[in-house]
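Biologist: I'm new to this one, so could you pick out a single sheet and walk me through it slowly? I'd like to hear how the strands are arranged and what packs on them.

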Amino acid sequence: MRRPIILALAATCVALSAPALAKDQLVLAIGGEPEQGFDPLLGWGQYGSPLFQSTLLTRGQDLTPQPGLATEWSLSEDRLTWTLTLRTDVRFSDNTPLTAEDVAFTFNAAAEAGGRADLSALESARAIDGNTVELTLKTPRITFIDQLMTLGIVPNAERENGYGDEYGRQPLGSGPYRLVEWQEGEQLIVERNPYFYGPAPVFERLVFLFTDEAATLSAAHAGQVDLAAVPPALAENIPEQMQRVIMNSVDNRGILFPMQPDEGEQAANGAPIGNNVTADLAIRQAVNLALDRETLVDVALNGFGRPAFGPADGLPWSQEGEKVAAPNLARANTLLKEAGWERQEEDGLRYKGDQPARFRLTYPSSDATRQQLAQVSAEMVRPLGIEMQPTGRHWDEIQREALHQDAIVFGFGSHSPQEVFYLFHSEHAGFGFYNSGYYANEAVDQHLDAAQAAANTEEANQHWQAAQWDGDTGYGVQGDTSWAWMVNLAHVYATNRCLDLGELGVAPHGHGWPVTANLLEWRWTCD
Amino acid sequence: MNSQPRLVAAGYAGVFGLLVLLLLSSSLWLGDSPLHMQFEARLMPPSAEHWLGTDALGRELWARTLAGLALSFGVGLSAALLGTLIALSLASLAMLSPILDALVSLLIDTLLSVPHLILLLLIAFALGGGTQAVIIAVALTHWPSLARLLRAELLSLRNSPYVAISKGFGKRQGFIVWYHLLPHVLPHCLVGALLLFPHAILHEAALTFLGVGLDPTQPAIGVLLADAMRYLTGGYWWLGVFPGLGLLLMVLAIERFASMLRKAL
């Protein structure tokens, strides 16, 4: 009897000495409420912590794979079969065991669901035994490992409490937290999962407020939230009782150019394809040369960001030398003149034949930062005799009309080079938002295919980089200049001074949830 | 009317006339200053150099406010005129036959029973936003009250002895409406349009503020106020105060002038 009492006392002492007990509940206003609920098969968990579920592998600060549910993993020599050994002590939050059957079900179902998790390369997933799962691919794909790090495991549909239609609203997983209540459009309340296999999270309860920008800031000023996402424009006005935390990112913004001339073609939904101005390389190069990216960062991001020159600046699959010395209006004017774009006195615009150098620069009207980027970049390009017309549209209108014929202010940025494949491979031309400009270059396709088929990450990175610029061609600013990248955003948060977020990594696209990636490292530093 | 009210009326008329002149001519002398960016002078408070301060892109707020008021004035005027035209047309139509009268009355009652801000939002959104959509949406939601007033006026006029005489001479309903009834309600239309005007301006600003109105790159008052909202917690008060005050003064001036005119008529 004495031993349990001593153990209990010791545990109490340890618990009391931990700063965690100083505060049990955190209130977060970081946005990012998922429209389709918390269903990994439909895309939940692609950014940040999946909260309710666990993944086979986790991503380290250096983006390398670390153990998660799986303790061991290997890829066959033909690069078609992944074999993973699972931990034996994992339980769902209803205290039932998680097995290889659940993992196989998750991957097969996600491949069928066709959600945000791209499992098109998966042939099948099968449980070898209770703790071993085998994933077979149709073709070698180096980026498949990203799905092992992002796809949360759900319970097999055939078991009790298994996956079903309502899963997104009543998620059951083996992650660090379990859902208590979700009032859509208002708040999400989660509590510690007592059966989580990893170290217990410091905070017993998290409350996520889904408030708009103004309400978030008001709540922060009133001291009602512990962590709030702050737009760059207001990053200098953090409430006095809070501190500013900056998370660097590859969350970029840039101008995607339609690459094809307008020949009357239409996409499947009837949206027109092509733009006779942006299809001209000289125009795209001139825009790139006119953009003063430092000023864009200062004006549109209030200094909280850095210039961008590619989709993944600073990440291992990006070319280091891919930069353009800008602004350089003299060089831009020379290029335009050489390409036959002559300036006319009457309106100051350049013309090539009857074609004026004028095109719409469309941005989603709900996004104030993109609006400012569009307006400022249009101002920077104007002295060249090119008129970019900033045009705000709703997303559905963009898809219906603008997607393939307007230059568009887009934002991307990922922890996976798979995004580069989507953005620039011709097989994805017209596919969703990624390659909506119908970019196509055979040499780039070959580099991208070679990267996917590579034996290891290092070899793949060489091919990813060559796709950007191989000394002869590429999708980047030295080659086809299919984009004018503008800025990489810094994600700014206002946090309670007692909240230590630990070492934040580099955030991908999407302000908000990415900050939760290291949720288990968060600490409370006050008594 | 004794001399003091006459003086006040002349004062209102003068202020209104000046306002119209100022706003209608503003595009001539403002040039591109409402859109001109000064990256080195962003979010500057009001000073001798920047009269009403500057916005986040370094654009002068006085120029943007004036341009916004002119834009709102134009949109409000168009919407008020279109709304009045619809009201007058339907009220006249109601005079042609009892069935048409019943239909018009039903339409008026139906529209008046729906909160017009919701209708306004729905129409503006369905038309895809923009200047035309705002004008149409405001006009389509603001005619029923005026139409009801005009219909009542026309009904009382229809029972006048001179209309009975005209009927006795065998004139048709259309002739009677056009030559005998409409000329008498035109002054009511003028006042109705003027009273509709400030409503139209405020609703244009509201729609634009909510993101279904004018293009956010235009210096409309609704756009300025929506932009100002983002910066309020940062202490940049001038971004919201001056456009808001400008809108308030313009609406008050028009409303006062319209009320005065109504009393005079």
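Modeller: Sure, let's look at an open sheet in chain A, built from 6 strands in the order 14-21-13-20-18-19, with mixed pairing. Keep in mind that this is a predicted model. At the edges stand strand 14 (305-307) and strand 19 (387-393) of chain A; each has a single partner strand, so one side of each is left without a neighbour in the sheet. On average, neighbouring strands here are turned by 25° against each other, ignoring direction.

Now zoom in on one pair. Strand 13 (residues 252-256) and strand 20 (residues 407-412) of chain A run antiparallel and are joined by 5 bridges. If you want a spot to find by eye, try A:N252, which stands opposite A:F412 in strand 20 of chain A.

Next, the helices. Helix 6 (residues 293-300) of chain A packs on the sheet, where it touches strand 14 and strand 21 (483-489) of chain A. The direction of helix 6 makes about 45° with that of strand 21 of chain A. Helix 8 (residues 368-381) of chain A packs on the sheet too, touching strand 13, strand 18 (358-364), strand 19, strand 20 and strand 21 of chain A. Helix 8 makes about 170° with the direction of strand 19 of chain A.

One last stop is a loop that follows on from the edge. Between strand 14 and helix 7 (329-338) of chain A there's a loop that holds A:P327. The peptide bond from A:A326 to A:P327 is cis, with omega near 5°.

Note on methods
Residues numbered from 1 in each chain as written. Chains lettered and ligands numbered in written order. Predicted model: local features only at pLDDT ≥ 70, side-chain atom pairs only at ≥ 80, totals over all residues. Pairing = 2+ DSSP bridges. Helix = DSSP H or I, 4+ residues; strand = E, 2+ residues; numbered from the N terminus. Axes fitted to C-alpha atoms, helices over the stretch in contact; angles between N-to-C directions. Contact = placed C-beta atoms within 7 Å.
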